[in-house]
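Work through the exercises below with the structure open beside the text. Try each task before reading its solution.

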Amino acid sequence: MADGSEKNAVVSNKKVIFKDYVSGFPKESDMAVTVDENLKLKVAGDSKGILVKNLYLSCDPYMRLMMTNRSSEIFGSYTPGALITGFGVGKVIDSRNPEFKEGDLVWGLTGWEEYSLLKSSEGLFKIHHTDVPLSYYTGILGMPGLTAYGGFYEVCAPKKGEYVFVSAASGAVGQLVGQFAKLMGCYVVGSAGTQDKVINFF
């Protein structure tokens, strides 16, 4: 794989494809790794696309719901034979979008592949603070962290000393809410789906 430094280079692009709908716990055989041998590191001049080299990819619990053939008001379903998508951190290799330029670090929705050509900037955010590990933008500074922060401080908004119950407390969002509540000085009770998930987060 090229490092993305050569303009107009053609590289191979390894990607993870969703094979078919999942029943039970996902297995490696439910996915397949394929390689596109002819990816140009250049965005077509007549588009507003953004070409990103993915640095970190996040595997989140909601993705399991998308592996089933069912409709959801929040999440759709992956298409068998298509690329798996999710949140990630990347570096802009080329851009025809005025909001982003080559070299920008970004986080947001991307593909499970080495390089992603994003057709629009919707759901993509520029990273301005690089004094923390970039991987944090898939967790505490990314979707799970923003969800936990908004839900706790803006929607729930408890006061010090109050009781806070956290369902799915072992999850990506729940375990952050529990920590926010403890920092606030609340009394925290958390629940999890199985005994194996009951960990002393609090």
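The exercises begin with confidence and then take up strands, single residues, rings, cysteines and a helix.

This is a predicted model, in which local features need pLDDT of at least 70 and side-chain atom pairs count only at pLDDT 80 or more, while totals for chains, interfaces and linings use all residues. Residues are numbered from 1 along each chain as its sequence is written, and side-chain values use heavy atoms, with hydrogens and water left out.

**Exercise 1. State the average confidence of the chain, and find where confidence is lowest and highest.**

Begin with pLDDT, the predictor's confidence in each residue, which runs from 0 to 100. The chain has an average pLDDT of 91, and 93% of the residues score at least 70. Next, turn to the helices and strands, which are DSSP runs numbered from the N terminus (helices are H or I with at least four residues, strands are E with at least two). Confidence is lowest in helix α1 (residues 62-65), with a mean of 90, and highest in β3, at 98.

**Exercise 2. Describe how strand β4 is paired and how much of β4 is buried.**

Take the pairing to begin with, remembering that two strands pair if DSSP finds at least two bridges between them. Strand β3 (residues 50-57) runs antiparallel to β4 and is joined to it by seven bridges; one of the bridge pairs sets L51 against D94 in β4. Strand β5 (residues 105-111) also pairs with β4 in the antiparallel sense, over seven bridges, and here F87 stands opposite L109 in β5.

Then consider burial, where buried means under 20% relative accessible area, exposed over 50%, and partly exposed in between (1.4 Å probe, protein chains only). Nine of the 11 residues of β4 are buried, so this strand is largely enclosed by the rest of the structure.

**Exercise 3. Work out the surroundings of S95, and then those of D104.**

Locate S95 in strand β4 (residues 85-95), where its relative accessibility of 14% makes it buried. With neighbours within four places in sequence left aside, S95 is in contact (heavy atoms within 4.5 Å) with V43, G49, I50, F100 and K101.

Now look for polar contacts, which are pairs of N or O atoms within 3.5 Å; within protein, one must be able to donate a hydrogen and the other to accept it, and residues adjacent in sequence count only if both atoms are side-chain atoms. The side chain of S95 reaches the backbone nitrogen of N97 at 3.0 Å and the backbone oxygen of F100 at 2.9 Å.

Move on to D104, which is placed in the loop between β4 and β5 and is buried at a relative accessible area of 7%. A polar atom of the D104 side chain lies 2.8 Å from the backbone nitrogen of K101. Beyond its neighbours within four places in sequence, D104 is in contact with G90, K91, V92, E99 and K126.

**Exercise 4. Count the aromatic pairs, and classify two that involve F152.**

Apply the rule that rings of Phe, Tyr and Trp (its six-membered ring) pair if their centres lie within 6.5 Å, with planes under 30 degrees apart counted as stacked, over 60 as edge-to-face and the rest as tilted. The whole structure holds 11 aromatic pairs. The rings of F152 and Y153 have centres 4.8 Å apart and planes at 85°, so they form an edge-to-face pair.
The rings of F152 and F180 have centres 6.4 Å apart and planes at 40°, so this pair is tilted. Because F152 lies in helix α2 (residues 143-156) and F180 in helix α3 (residues 174-184), the pair ties together parts that are 28 residues apart in sequence.
As for burial, F152 is buried at 2%, F180 is buried at 13%, and Y153 is partly exposed at 30%. Elsewhere, ring pairs link Y62, F87, W107 and F125 into a cluster.

**Exercise 5. How many disulfides does the structure contain, and why does C186 form no bond with C156?**

A disulfide is taken as a pair of cysteine sulfur atoms within 2.5 Å, and a search of the whole structure finds zero. The cysteine sulfur closest to that of C186 is in C156, at 7.6 Å, which is too far for a bond. C186 is buried at 6% relative accessibility, whereas C59 is exposed at 63%.

**Exercise 6. Identify what the buried residues of α3 pack against, and what follows α3.**

The buried residues of α3 include G174, L176 and F180, and the buried residues of this helix pack against α2, β8 (163-166) and β9 (187-190). After α3 comes G185, with a positive phi near 90°.
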